[in-house]
Amino acid sequence: MSIDDEAQEPLEPRVGPVPEDDPEFRPYRHPAAGWGAARSVTRFLLEERALVDGPRAIMRMNHENGGFDCPGCAWPDDTKGLHLDICENGIKHVTWEMTRKRVDRDFFAAHAVTELAGWSDYDLENQGRLTEPMVYDAASDHYVPISWKDAFELVGATLRGLDSPNRAAYYTSGRLGNEATFLYQLMARELGTNNLPDCSNMCHEASGRALQASLGTGKGTVDLKDWESADALFILGVNAASNAPRMLTALAEADRRGARIVHVNPLVEAAATRTIVPHEFTDMALFRTTRTSTLNLQPRIGGDMALLRGMAKAVLEKSASDPKALDVAFLDRHTAGFEEYRALCEATPWEELERQSGLSRDDILEAARVYGEADRSIVSWCLGLTQHEHGVDTVREIVNLLLLRGNLGREGAGPSPVRGHSNVQGNRTCGIDHRPTDAFLDRLADACGIDPPREHGLDTVRTIRAMREGTVKVFVGMGGNFALAAPDTAATYAALRSCDLTVQVSTKLNRSHVVHGRAALILPCLGRTEKDHQRRGVQSTSVEDSMSMVHLSVGMKRPASPHLLSEPAIVAGMARAALPDSETPWDWYVEDYDRIRDTMAEALEGFEDFNRRVRLPLGFRIKQPARELVFLTPSGRAEFSSAALPDIVPEPGTLALGTMRSHDQWNTTIYSDNDRYRGVKNLRTLVFMNRADMRERGIADMGPVDITSTAKDGSSRFLTGYTAIPYDIPRGCAAGYMPEMNVLCALGDYSTQSDQPIMKHLKVTVVPAAG
């Protein structure tokens, strides 16, 4: 694998385990979930020696009474009291966390960091759970034990020694609970910075900005009950079978009640065909499948906005002969900018909509017919829409379409972004935001007695740039695997290595521990499945799902090591050391998380009476003003967007490439080199291509290829020796796995609308491998 000019050493090419057999590809023809998922889970439990702990955890996961929240995706918990509200990937995620393997001081004594840097990412994580705090010793090139007290003092002394609080950045992944999140942002702001980059900067930033501009709220307006009553569901840019598998239950139930389900994705994923939901035992026993789609559309990568505008154009054209095609009363009372949008749609020729979407006019009209015949429609989307230059405009186009027929503020209708990690939405709600509003900061100041900074901080891309340039000298990562998750792998590695101190709060060993600053700490924390013992007893934490439900999570297992601390305790320890004169009662908060929640109830809008409401069955839902047709926009109405349609057609000889996860993967954690739902075994270094594009380039099926990306600034990045797999994907498009392909996304290749890396729309050339 080659990299760009800035790299100082080769990047590790392998993420998953070393394949024991030759690569295979056979198109997947089976239903999603069902017996395939059951076999996969059983095999995984056997490999992890978790035949007792695994089933026990399954019976406690996503339960309202004393259970713990799945640390995987953010799909809401079932509202009907389902006893097995679980999925294949959730079970794998939990089992991976509960492994019996340990990474202790003897492990680090036996392996130098230089040696570990040569290991695959799979092998690093597969060593097991971290057991005690470790500090990097440059003289020996080993991590060595350090006490918690000394670790906190190292962090505190380094932060106190900075000439500006903006020399530090505080990153978080979506696994951090709400209470730790609140303390984390409080620490950063009491120190004097809004440098709070997070994983939202790389995934749903476009969704938040679009919804805020259109509706005055950065979140979707629907809940799971709306999914259960919608007449039509439009699923755009979502691979539900792998990324939100519990959605399959909602899709199966929708099909049974006669709802129409339209999937829009360049690849027809397994969730867009049929399923056997594992907890539906009769269907499992009889091998009885249920459809999960009534229409599949395959636009070119980036063509979703043209499809949506074409659907709106069709609805408007129909309104000339059918007044009921539009909800005129809703448009008059609750929207602004409709006439401008109507004129824009009328002026956009069908030929251009077909060209940009990659779909025929008949395809677009069929989708519009489904939408027009439904009384109540939900449009749902994920990263397939957001990780583009024009991601904000595309999400706003979703809102435009919904507004035309009044699909907002009523049951069974509205916008529904599918968040990825389990508490990524809660992180943002509880203050992880590099661009906080004055209203949020005012409430925080009143509740916590601090004077928070008002200047906007750094997001993920700008944090990487600042670390590389030396203006950010300390990087603190709460969870995740920043080195692998971020774009432009070589630039990210160089940035982390330029820091004076990197601090990683983690459960397992990963790449971010071996790509570190001049000084480095590994601080091991409790997992979601483990009991959190504090002075006033076992504590619970809260999370917010992708539909704004906030509920409690309580661990069930004995911690993997007696030396582990909870995330709130780690944050408090760093804060005490960095802010020795602080009046914030850090230790008092950690003794009893109810005390944190009481302060959150004062500081956060929508969290009033937090401790009582979070203990209600299924918790509580944060009120969304737009759901009540209250729009906190400049006009006080839902605002139509009249953005120009972008030209996203690839130039001759180039392809638009989107990165994605395999099925046997969760974010940067790889469970195997297999991708069951795409028919791949023993291979991750691959690129899916249209067979006609392969033939045009002289590429054989399963043939070796070299991939070159061209950045906005004209620079190039390379991957060599990949395998080309013919796949059902539109011409001019290609796809492959992250994090391996993150190297192709230059640091400067981010959206000017959302500042997100454009990992779903890279400009590449693919040719037969040299030599």
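1. Glu269 counts as buried, at 6% relative accessibility; buried means under 20% relative accessible area, exposed over 50%, and partly exposed in between (1.4 Å probe, protein chains only). Glu269 sits in the loop that links strand E9 (260-264) and strand E10 (274-276). Helices (H or I, at least four residues) and strands (E, at least two) are DSSP runs, numbered from the N terminus. With neighbours within four places in sequence set aside, Glu269 is in contact with Asn239 and Arg678, where contact means heavy atoms within 4.5 Å.

2. On the basis of the values: this is a predicted model, in which local features need pLDDT of at least 70 and side-chain atom pairs count only at pLDDT 80 or more, while totals for chains, interfaces and linings use all residues. Residues are numbered from 1 along each chain as its sequence is written, and side-chain values use heavy atoms, with hydrogens and water left out.

3. The overall dimensions come next. The chain has 771 residues and a radius of gyration of 25 Å, which agrees with the value near 28 Å for a compact globule of that length. The radius is taken over C-alpha atoms, and the globule rule is 2.2 Å times the number of residues to the power 0.38. The C-alpha trace spans about 75 × 65 × 55 Å along its principal axes. The chain has 31 helices and 33 strands.

4. Of the 771 residues, 65% are buried. The chain exposes about 26,900 Å², and carbon and sulfur atoms supply 50% of this area; accessible areas come from the Shrake-Rupley method with a 1.4 Å probe, and for residues only the protein chains shown count as cover. Among contacts with a separation of 6 or more, 79% are between residues 24 or more positions apart.

5. One open sheet has 5 strands in the order E12-E9-E8-E14-E15, with parallel pairing; two strands pair if DSSP finds at least two bridges between them. Strand E12 (295-297) and strand E15 (414-417) are at the edges and have a single partner strand each, so one side of each lacks a neighbour in the sheet. Neighbouring strands of this sheet are turned by 15° against each other on average, direction ignored. Axes are lines fitted to C-alpha atoms, for helices over the stretch in contact, and angles run from 0 to 180 degrees between N-to-C directions. E9 and E12 run parallel and are joined by 3 bridges, and Val264 stands opposite Leu297 in E12.

6. Two helices pack on these strands. Helix H14 (residues 304-319) lies across strand E8 (232-236), E9 and E12, and runs at about 155° to E8. Helix H20 (residues 391-404) packs on the sheet and touches strand E14 (377-381) and E15, its direction making about 175° with that of E14.

7. Ala312 belongs to helix H14 and counts as buried, at 0% relative accessibility. Not counting neighbours within four places in sequence, Ala312 is in contact with Tyr341, Cys345, Leu401 and Leu404. Ala312 and Ala374 are 62 residues apart in sequence and 14 Å apart in space, C-alpha to C-alpha.

8. Another open sheet has 6 strands in the order E6-E5-E18-E17-E16-E7, with mixed pairing. Its edges are strand E6 (142-145) and strand E7 (168-172); each has a single partner strand, so one side of each has no neighbour in the sheet. Neighbouring strands here are turned by 20° against each other on average, direction ignored. Strand E5 (residues 134-137) and E6 run antiparallel and are joined by 4 bridges; Met134 stands opposite Pro145 in E6. Helix H8 (residues 178-191) lies across E7 and strand E16 (474-478), at about 170° to E7.

9. Gly477 lies in strand E16 and is buried, with a relative accessible area of 1%. Leaving out residues up to four places away in sequence, Gly477 touches Tyr171, Tyr184, Val503, Gln504 and Val505. Gly477 and Asp581 are 104 residues apart in sequence and 24 Å apart in space, C-alpha to C-alpha.

10. The structure holds 0 disulfides, a disulfide being a pair of cysteine sulfur atoms within 2.5 Å. Cys203 is in no disulfide, and the nearest cysteine sulfur, that of Cys199, is 5.2 Å away. Cys203 is buried at 12% relative accessibility. Why is Cys448 without a bond to Cys430? The sulfur of Cys448 is too far for a bond because the closest cysteine sulfur, in Cys430, is 12 Å away. Cys448 is also buried, with a relative accessible area of 15%.
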